[in-house]
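Please look over the sequence and the model shown here before reading on. The paragraphs that follow move from a single residue outwards to the sheet, the core and the chain.

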Amino acid sequence: MIRFIAKVSLQLLQCMYLTVVLLLCFSLIITSPVLAANYSGDLLKQTPTEVTVSLGNAANELKFEPNHLEFVAGKRYTLRLVNPSAQKHYFTAKDFADNIWTQKVEAGKVEVKGAIHELELKPGAEAEWVFVALKPGKYSLRCPIPGHAEAGMTGDIAINSGQ
Ligand SMILES: [Cu+2]
């Protein structure tokens, strides 16, 4: 009798275990497409807010204009980078780039998809960086060409929480 009860409860346990595993599997199946849909669907339907940053200027001053950028987590943006100066500059913001989801970077007739960390803009160049801001935080921006950051070609980028 005791053995029988033990056997039944063991079967019951196995059955419960199986149910839990199945439930876990289902929840994974259900949640992952939702996450994927958020990234590829809903977020991409948002009209991007356009923000323009100038790397240097026509007077060849070594600065970003503006040098303070603010984004909101969960929002989609088109960051238009222009270089109206006579020398090349970089837009380098690695930590920022790690905390956004880059949809694409467009320059001329080329579209680059995937993670981007740094952009180099030759005199007169223009590029558009389309992304969704993700993780709130403060990130730094600089132009790593020797002497440029030291002369003031730095900036900061904030991603503010969407709530
Ligand atoms: Cu520079």
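Not counting residues up to four places away in sequence, E111 touches K104 and E106, where two residues are in contact if their C-beta atoms, placed from the backbone, lie within 7 Å. This is a predicted model, in which local features need pLDDT of at least 70 and side-chain atom pairs count only at pLDDT 80 or more, whereas totals for chains, interfaces and linings use all residues. Residues are numbered from 1 along each chain as its sequence is written. E111 lies in strand β7, strands being DSSP runs of E with at least two residues and helices DSSP runs of H or I with at least four, both numbered from the N terminus. E111 counts as exposed because it has 12 other C-beta atoms within 10 Å; by definition a residue is exposed with 12 or fewer such atoms within 10 Å of its own C-beta atom, buried with 20 or more, and partly exposed in between, the C-beta atoms being placed from the backbone. The C-alpha atoms of E111 and A127 are separated by 9.7 Å, with these positions 16 residues apart in chain numbering.

The strand that holds E111, β7, belongs to an open sheet of 6 strands with mixed pairing, whose order is β2-β1-β4-β9-β6-β7. Its edge strands are β2 (64–65) and β7 (110–112), each of which pairs on one side only; two strands pair if DSSP finds at least two bridges between them. Strands of a sheet pair through backbone hydrogen bonds, either parallel or antiparallel. At the β2 edge, strand β1 (residues 49–55) runs antiparallel to β2 and is joined to it by 2 bridges, and L55 has F64 in β2 as its bridge partner.

Another set of pairings involves β11. Strand β3 (residues 68–72) pairs with β11 in the parallel sense over 5 bridges, while β10 and β11 run antiparallel and are joined by 6 bridges. Within these pairings, E70 stands opposite A158 in β11, and S140 has D156 in β11 as its bridge partner. E70, which lies in strand β3, is exposed because 12 other C-beta atoms lie within 10 Å. Leaving aside neighbours within four places in sequence, E70 is in contact with A158 and N160, and its C-alpha atom is separated by 8.7 Å from that of D156, 86 residues apart along the chain. A158 and N160 belong, with T154 and D156, to the uncovered face of β11, whereas G155, I157 and I159 form the covered one.

What does the interior look like? The largest nonpolar core (a set of buried Ala, Val, Leu, Ile, Met, Phe, Trp, Tyr and Cys residues joined through C-beta atoms within 7 Å) has 25 residues, of which L81, F91, F131 and A133 touch the most other members. The elements that give two or more residues to this core are β4 (76–82), β8 (118–121), β9 (126–133), β10 (137–142) and β11 (154–160), and β9 gives the most, with 6 residues. Beyond neighbours within four places in sequence, L81 is in contact with V53, L55, F91, L119, L121, E126, A127 and W129.

Over the whole protein chain there are 2 helices and 11 strands, and buried residues make up 21% of its 163 residues. The mean pLDDT (the predictor's confidence in each residue, from 0 to 100) is 84, and 75% of the residues reach 70 or more. Over residues 20–37, however, the pLDDT is below 50, and this stretch has 1 contact in the model beyond near neighbours in sequence.
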